[in-house]
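This report goes through one protein chain, its salt bridges, a helix pair and a surface patch. The sequence and structure follow.

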Amino acid sequence: MRLTTKGRFAVTAMIDLAMRQDKGPVTLSAISQRQEISLSYLEQLFGKLRRHEIVESVRGPGGGYTLARRAEDVTVADIIIAVDEPLDATQCGGKENCHSPGHEHGSRCMTHDLWATLNAKMVEYLDSVSLKDLVDQQRQKNAEHNVVLVPRPHVAA
């Protein structure tokens with residue numbers, strides 16, 4: 001079970017957008033350059049995010065994208081679900097036919113409940129993390145990296 005590129009890129013792009021939108025709409029080409037994500041891929045992702053009313057597009061000169069909701073009202077789960085990212089650790093996609101995926105009435109594997117519980121915990125966790133939380137973490141990291149240490153001259157005793 002892995003979060004695929006689609007979900008990772010969508011969350012990364014949304015952090016980038018949320019960090020910069022206070023200066024006006026953010027262009028996908030700018031996000032593409034900063035995050036090294038294909039522009040055409042971002043266009044696909046942001047089309048889905050717009051349909052889920054997570055972002056809004058602004059047309060014309062100075063256009064781009066802004067958040068449609070406050071960053072604290074957007075969760076990581078919202079973003080991942082919007083871009084159709086499956087969050088499923090089961091082998092059967094939740095269909096309970098683990099041993100016979102080609103058959104509708106196949107039997108469950110012995111660990112099905114374990115993986116189904118993990119699915120619920122993943123969604124619960126991702127739903128508890130807001131876009132604002134991720135922006136705040138990123139700003140904190142940036143602030144720590146921008147600290148300049150000035151060496152103090154030794155004073156002879």
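Is Glu72 buried, partly exposed or exposed? With a relative accessible area of 36%, Glu72 is partly exposed, because the partly exposed class lies between the cut-offs of 20% and 50%. The salt-bridge partner of Glu72 is Arg70, and the closest N and O atoms of the two are 3.3 Å apart.

## Model and overall layout

The model is predicted. The protein chain has 157 residues, and 35% of them are buried.

Six helices and two strands are found in the chain. Read from the N terminus, the order of elements is α-α-α-β-β-α-α-α. The two strands therefore sit in the middle of this order, with helices on either side.

## Salt bridges around Asp16

The count of salt bridges comes to six. Among them is the bridge between Arg70 and Glu72. Others centre on Asp16: the residues Asp16, Arg20 and Arg34 are linked in a network of salt bridges.

One link in this network joins Asp16 to Arg20, with an N to O distance of 3.3 Å. Both residues belong to helix α1 (residues 5-20), where they are four residues apart, or about one turn of the helix. Another link joins Asp16 to Arg34, and here the closest N and O atoms are 2.7 Å apart. Arg34 is in helix α2 whereas Asp16 is in helix α1, so this pair ties together parts that are 18 residues apart in sequence.

How is each member of the network placed with respect to the surface? Asp16 counts as buried, at 1% relative accessibility; the cut-off for buried is under 20%. Arg20 has a relative accessible area of 29% and is partly exposed. Arg34 is also partly exposed, at 35% relative accessibility.

## Helices α2 and α3

Helix α2 covers residues 28-35 and helix α3 covers residues 39-51. The two pack with their axes 9 Å apart, at an angle of about 120°. Why are α2 and α3 described as oblique to each other? Angles from 65 to 115 degrees count as roughly perpendicular and those over 145 as roughly antiparallel, and the angle for this pair is about 120°; α2 and α3 are therefore oblique. Their crossing is right-handed.

Helix α3 contains Gly47. This glycine is buried, with a relative accessible area of 10%. Gly47 and Val83 are 36 residues apart along the chain, and 8.9 Å separates their C-alpha atoms.

## A nonpolar surface patch

Which residues form a nonpolar patch on the surface? They are Leu114, Trp115 and Leu118, and together they have about 250 Å² of accessible area.

Leu118 is located in helix α5, which spans residues 112-128. The relative accessible area of Leu118 is 31%, so Leu118 is partly exposed. That value is also relevant to the patch, because patches are made of residues with over 30% relative accessible area.

How values were computed
Residues are numbered from 1 along each chain as its sequence is written. This is a predicted model: local features need pLDDT of at least 70, side-chain atom pairs count only at pLDDT 80 or more; totals for chains, interfaces and linings use all residues. Side-chain values use heavy atoms; hydrogens and water are left out. Patches are made of residues with over 30% relative accessible area and no salt bridge: like charges are joined within 9 Å, nonpolar side chains (Val, Leu, Ile, Met, Phe, Trp, Tyr) within 5 Å. Accessible areas come from the Shrake-Rupley method with a 1.4 Å probe; for residues, only the protein chains shown count as cover. A salt bridge is a side-chain nitrogen of Lys or Arg within 4 Å of a carboxyl oxygen of Asp or Glu. Buried means under 20% relative accessible area, exposed over 50%, partly exposed in between (1.4 Å probe, protein chains only). Axes are lines fitted to C-alpha atoms, for helices over the stretch in contact, and angles run from 0 to 180 degrees between N-to-C directions. Angles under 35 degrees count as roughly parallel, over 145 as roughly antiparallel, 65 to 115 as roughly perpendicular and the rest as oblique. A crossing is left-handed if the near helix is turned anticlockwise from the far one by less than a right angle, and right-handed if clockwise.
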